[in-house]
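Subject: Handing over a structure

Dear colleague,

I am passing on a structure that you have not worked with before, and I would be glad if you could look it over before reading my notes. The sequence and the model come straight after this paragraph.

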Amino acid sequence: AGGAALRASHETLRPLACSTLADLIHYVRGDLSIKQLSRVVYIFSCNIHDSSLPLSIQTTSVRLLLNLVESIFHKNDPEARELLVRILHCLVYKFKTIKEAIPKIAAAAHAAHAAAIAAAAATAAAAAAT
């Protein structure tokens, strides 16, 4: 039981921690070194592709990366271009995974809709029979 409670608290606190960290980074992004920005890009790129995180955290991670673009662009560092390419690659890959998931989601929605219609028809038929 202790492991389940620990897992539940971890799942509850992790999104809050990610959101708080994103807010902090947003406010200090202009003061971060290119090495720190590189680490931030890595961490939040991982968040974008982590299906265990809520969609709101994935969206927050995308917004943060997009907000970092200007700060990175204005750094006079050879690594800045590489960081911008990493952000672009991350976002393109996320679109690719979304594109692959759309047919599965649509099929599941269609099946659920068909089941709801069948259940409604069965209920209506049972009501008409009585």
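What follows is a short account of what was found, going from the whole chain to a few single residues.

Please bear in mind throughout that this is a predicted model. The protein has 4 helices and 0 strands, and read along the sequence these elements follow the pattern α-α-α-α. With a radius of gyration of 22 Å, well over the 14 Å that the globule rule gives for 130 residues, the protein is more spread out than a compact globule. Along the principal axes, its C-alpha atoms fill a box of roughly 80 × 40 × 20 Å.

Buried residues account for 23% of the 130 residues in the protein. The accessible surface comes to about 9,000 Å², and carbon and sulfur atoms hold 66% of that area. When contacts between residues at least 6 apart in sequence are considered, 66% of them join residues at least 24 apart. As for charge, the protein carries 13 positive and 9 negative side chains, and the centres of these two sets lie 6 Å apart.

Turning to the interior, the largest nonpolar core has 18 residues, and those with the most contacts inside it are Leu65, Leu68 and Ile72. The elements that give two or more residues to this core are α1 (2–28), α2, α3 and α4 (79–129), with the largest share, 6 residues, coming from α2. Isoleucine 72 is worth a look in the viewer: leaving out residues up to four places away in sequence, it touches Leu37, Val41, Ala80, Leu83, Leu84 and Ile87.

Next comes a residue in a loop, aspartate 50, which is placed between α2 (34–48) and α3 (55–73). Is aspartate 50 buried or exposed? Its relative accessibility is 18%, and because buried means under 20%, aspartate 50 counts as buried. Setting aside neighbours within four places in sequence, aspartate 50 is in contact with Arg14 and Gln58.

Finally, there are two residues of helix α1 to consider, namely glutamate 11 and leucine 16. Leucine 16 is exposed, with a relative accessible area of 53%, whereas glutamate 11, at 40%, is partly exposed. How far apart in space are leucine 16 and isoleucine 57, C-alpha to C-alpha? Although these two residues are 41 residues apart in sequence, the distance between their C-alpha atoms is 8.7 Å. Glutamate 11 and proline 54 can be described in a similar way, being 43 residues apart in sequence and 9.7 Å apart in space, again from C-alpha to C-alpha.

With kind regards

Methods. Residues are numbered from 1 along each chain as its sequence is written. This is a predicted model: local features need pLDDT of at least 70, side-chain atom pairs count only at pLDDT 80 or more; totals for chains, interfaces and linings use all residues. Side-chain values use heavy atoms; hydrogens and water are left out. Buried means under 20% relative accessible area, exposed over 50%, partly exposed in between (1.4 Å probe, protein chains only). Contact means heavy atoms within 4.5 Å. The radius of gyration is taken over C-alpha atoms; the globule rule is 2.2 Å times the number of residues to the power 0.38. Accessible areas come from the Shrake-Rupley method with a 1.4 Å probe; for residues, only the protein chains shown count as cover. Lys and Arg count as positive and Asp and Glu as negative; His and the chain ends are not counted. The place of a charge is taken as NZ of Lys, CZ of Arg, CG of Asp or CD of Glu. A nonpolar core is a set of buried Ala, Val, Leu, Ile, Met, Phe, Trp, Tyr and Cys residues joined through side-chain atoms within 4.5 Å.
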